[in-house]
Amino acid sequence: MYKKPYVIAEAGCNHMGQMEIAHDLINTAAIFCKADAIKFQKRCPRELLTPEQYNAPHPNPYNSFGKTYGEHREFLEFTVEQHAQLKQWCEEIGITYATSVWDMTSAKEIASLDPKFIKIPSACNNNFEMLEWLCDNYKGEIQISFGMTTHEEEKQIVALFEHKNRVKDLVVFSCTSGYPVSFKDVCLLEVTRLRETYGSEVKAIGFSGHHLGIAVDNVAYALGANYIERHYTLDRTWKGTDHAASLEPDGIRKLVRNLNAIYESLSYKSEEILPIERMQREKLKYREHVI
């Protein structure tokens, strides 16, 4: 039995540090795209970066919002109070608010807002201190991407949730960590592997795609990933590293439409001749003449 697809529009930092753009992203995702959730990001740059990394120049100066990489990351951050405002806007318009957390400080701040779910990105899924804290202190759903993660590391992560008696709150995502990802590196059958390995243990299997277009996501859903997450922006030409690997609003809208159509279509016939076929059978079906 297929579950209804759940589409997450990953806005990330595509708001470029502006609450007005973040508000537009929320409204557009809810009203035009009809996505189920919109997800942002929360980082504490001084906690995540070494002093050398913080003070180094951005590797691509054109995309930088600061003189150093640390200043760039700080510029893109919203405070916990601003995230509370984002959550309120989401509730007012009828879309689920969520955030990816990259460090312990961010995890504690976002957990204090009690969102429906919190996401752990692939880059941080081996931060076991943060995972344990969330298991012990946050009661909502926890989603984790398995990009750039070995099978042994996956087992360790799931084992932690089993030990904490939280595995039924865990959603694991097939993911290839690239921006964008070529089709040959999407590796869709990883969805099947995760479903066969963990499907009976975890809450659900998801697919986090960084590829181009929306055809691949339909197959990921058919293979068993009912959570579909795609990066989302209002304009792919905007300044920043994630816009080019994101879908614009019409892409998210079509993705939601297509996935819902597939959901309705993935079934067996309830009877050998459906009611819709009976009139056609009478009119068109070949009748053998008996002599």
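**Notes on strand β2 and Arg-193**

1. A quick reminder before we start: this is a predicted model. With that in mind, strand β2 is a good place to begin. Its partner on one side is strand β3 (residues 96-101), and 6 bridges join the two, which run parallel. Within this pairing, Gln-41 stands opposite Ser-100 of β3.

2. Strand β1 (residues 6-12) also pairs with β2: the two run parallel and 4 bridges join them. If you would like a residue to look at here, try Ala-9, whose bridge partner in β2 is Ile-38.

3. How are β1 and β2 connected in the fold? Together with helix α1 (residues 19-33), β1 and β2 make a β-α-β unit, and the unit is right-handed.

4. Is β2 enclosed or open? Strand β2 covers residues 37-42, and 6 of its 6 residues are buried, so the strand is largely enclosed by the rest of the structure. Both faces take part: Ala-37, Lys-39 and Gln-41 point one way, Ile-38, Phe-40 and Lys-42 point the other way, and all are buried. Please note that the list of buried residues includes Lys-39 and Lys-42.

5. Away from these strands, have a look at Arg-193, which lies in helix α9 (residues 189-198). Its relative accessible area is 18%, and because buried means under 20%, Arg-193 counts as buried. Leaving aside residues up to four places away in sequence, Arg-193 touches His-151 and Glu-154.

Terms used: Residues are numbered from 1 along each chain as its sequence is written. This is a predicted model: local features need pLDDT of at least 70, side-chain atom pairs count only at pLDDT 80 or more; totals for chains, interfaces and linings use all residues. Side-chain values use heavy atoms; hydrogens and water are left out. Buried means under 20% relative accessible area, exposed over 50%, partly exposed in between (1.4 Å probe, protein chains only). Two strands pair if DSSP finds at least two bridges between them. A crossover is right-handed if, with the strands pointing away from the viewer, the path from the first strand over the helix to the second runs clockwise. Contact means heavy atoms within 4.5 Å.
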